[in-house]
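Student: I'm new to this one, and I'd like to work through it by asking questions. Can we look at it together?

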Amino acid sequence: MELVASPRPATPPPMPDLTRLCERVAADLRREGVAHPVAAAVALAARGVAGLERDAWAARLGLDVEVVAACEEGRVAFGDLPAPIGAAAHDAGVDLVVLAALARRWAGGSGGRGGDGVVGERPPGGT
Amino acid sequence: MDDMDDVDRTRRRDEEPERHDASGAEAAGGSARREQAEQADLVRIMTGLARGDMAFLFTLFDRFGDAIRATVCRHLRDLARPDLADDADEVGGLALEVCFLLAQRAAAWDPARGARPWTWASAAIRAEIARLIGHRQVHLIEDDTGPDGNGDGGVREGRLVARGGADGEPTLAGIPRPGHEIDPYTNHPLLMLLAEAVRAVGRERDQEVLLEFEFQQANGDPSPAHTVGELFDLRPDNVRQIVRRQRRRVAELVWSDERFVELRTVRWCARDEAEAA
């Protein structure tokens, strides 16, 4: 089922704000002890901008809903996010390069806990 | 998907009036349908947020970010901060915080009442914005000069200062009230004494109301009684009454108890306040 039926704004919100929202959500998730908070925030952003429930979103991307759930719950490292999720986040206006840097910084600064395992990895989605 | 298709058809008709020779009535009907579709979106988004699905936070921001930014701007201007209202970066950051606030309150939003979430939560949003932009440093005791007007009475100033938490977020913890702390570098003995005096009189709720009212007022909130009333579930006139009563009590204590003699030079505890008690 489509979540949102209203017309999208003609001009998407400025990219920095959506990326900032990802950072803000990731910070909350990190405080909660989520293993890969930045990856989770990116996965949530991708679905949120699409405006779909999780099962419909998984079907659209051709992924198992369990895989999508694992990504959104922070059980998948940033660099291991499925390419369709990364691509969707990129298309939505999320700056994956900025977020990859954040994930890398957190991974390095916390000895791995609360990081995203992206050292040496590219952002998902081929960007 | 059916809903989406309906809306798409509606939207196409709205956006291509030349194909339909839309009359004024039809245009009005299209507008109404669009509003209905947006309302349905909001219901879905707020329902999702209420059950904890944080993806809907992004949906809210993506679909209604402009309206939320406009709300932030309006509150900033109401709070006498047009400088911040003109700062897109500041407005954007505050809009994100408003989205989080709405997410936290999503379960309580009732679409049947007709107000959009950011209108429904207007008072809470204003209080949150005021907290974020203005409570980092607030004068609790005004400067006070001596009888000659040259400050011989000493500068009676203390400031209640928000202190950043471990993650840098402003958390106000400790004295003189739960959630607030006297910052060590502005830790004026008079402020400690005033905190003690405030804590010595009245009910705990009334103490909180007084302090919150002073915070809001010092922060430039043009309607502190409304803001505080929302926080404490009180009518604005009740808030004003409590503030008057508490200030009188504090002043009365200061002028009747020698422990607080130092506060008698502070305008906050003026003799006329005590005499009015």
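Student: What is the N to O distance in the salt bridge where the side chains of Arg54(A) and Glu72(A) meet?
Tutor: Before we start, keep in mind that this is a predicted model. A salt bridge here needs a side-chain nitrogen of Lys or Arg within 4 Å of a carboxyl oxygen of Asp or Glu. The side chains of Arg54(A) and Glu72(A) do meet that way, and the N to O distance is 2.9 Å.

Student: Which helices does that pair tie together, and how many residues apart are the parts in sequence?
Tutor: Arg54(A) sits in helix α3, residues 54-61 of chain A, while Glu72(A) sits in helix α4, residues 65-72 of chain A. So the pair ties together α3 and α4, and the parts are 18 residues apart in sequence.

Student: Is Glu72(A) buried or exposed?
Tutor: Let's take its partner Arg54(A) to begin with: its relative accessibility is 26%, so it counts as partly exposed. The cut-off for buried is under 20% relative accessible area. Glu72(A) has 6%, so it is buried.

Student: Which residues are linked with these two in a network of salt bridges?
Tutor: Arg54(A) and Glu72(A) are both members of the network. Chain B is involved too, through Asp53(B). The other residues linked in are Arg47(A), Glu73(A) and Arg75(A).

Student: How many salt bridges are there over all chains?
Tutor: Another of them joins the side chains of Arg69(B) and Asp66(B), at 2.9 Å from N to O. Arg235(B) and Asp237(B) also meet in one, at 3.4 Å. Over all chains, the count comes to 26.

Student: Where do Arg69(B) and Asp66(B) lie, and how far apart are they in the chain?
Tutor: At 13% relative accessibility Arg69(B) counts as buried, whereas Asp66(B), at 51%, counts as exposed. Both lie in helix α4 of chain B, residues 55-78. They are three residues apart, about one turn of the helix.

Student: What kind of aromatic pair do Phe64(B) and Trp118(B) form?
Tutor: Over all chains the count is one aromatic pair. Its rings, Phe64(B) and Trp118(B), are 5.6 Å apart centre to centre, with 40 degrees between the planes. Planes under 30 degrees apart would count as stacked and over 60 as edge-to-face, so this pair is tilted.

Student: How many residues apart are Phe64(B) and Trp118(B)?
Tutor: Phe64(B) is buried, and so is Trp118(B). Phe64(B) is in helix α4 of chain B and Trp118(B) in helix α7, residues 117-120, so the pair links distant parts of the chain. They are 54 residues apart.

Student: Which residues does Leu60(B) contact, leaving aside its neighbours within four places in sequence?
Tutor: Leu60(B) is found in helix α4 of chain B, and it is buried, with a relative accessible area of 0%. Its contacts include Leu42(B), Ile45(B), Leu49(B) and Gly65(B). The list goes on with Ile68(B), Cys99(B), Leu102(B) and Trp118(B).

Student: Which ring does Arg24(A) lie over?
Tutor: Arg24(A) belongs to chain A, and the ring in question belongs to chain B. Arg24(A) is 3.9 Å from the ring centre, over the face of Phe100(B).

Student: And what share of the residues in chain B is buried?
Tutor: The secondary structure of chain B comes to 13 helices and four strands. The chain exposes about 13500 Å², and carbon and sulfur atoms supply 47% of that area. Of its 277 residues, the buried share is 47%.

Definitions and conventions
Residues are numbered from 1 along each chain as its sequence is written. Chains are lettered from A and ligands numbered from 1 in the order in which they are written. This is a predicted model: local features need pLDDT of at least 70, side-chain atom pairs count only at pLDDT 80 or more; totals for chains, interfaces and linings use all residues. Side-chain values use heavy atoms; hydrogens and water are left out. Helices (H or I, at least four residues) and strands (E, at least two) are DSSP runs, numbered from the N terminus. Buried means under 20% relative accessible area, exposed over 50%, partly exposed in between (1.4 Å probe, protein chains only). Accessible areas come from the Shrake-Rupley method with a 1.4 Å probe; for residues, only the protein chains shown count as cover. Rings of Phe, Tyr and Trp (its six-membered ring) pair if their centres lie within 6.5 Å; planes under 30 degrees apart count as stacked, over 60 as edge-to-face and the rest as tilted. A charge sits over a ring if NZ of Lys or CZ of Arg is within 6 Å of the ring centre and within 35 degrees of the ring normal. Contact means heavy atoms within 4.5 Å.
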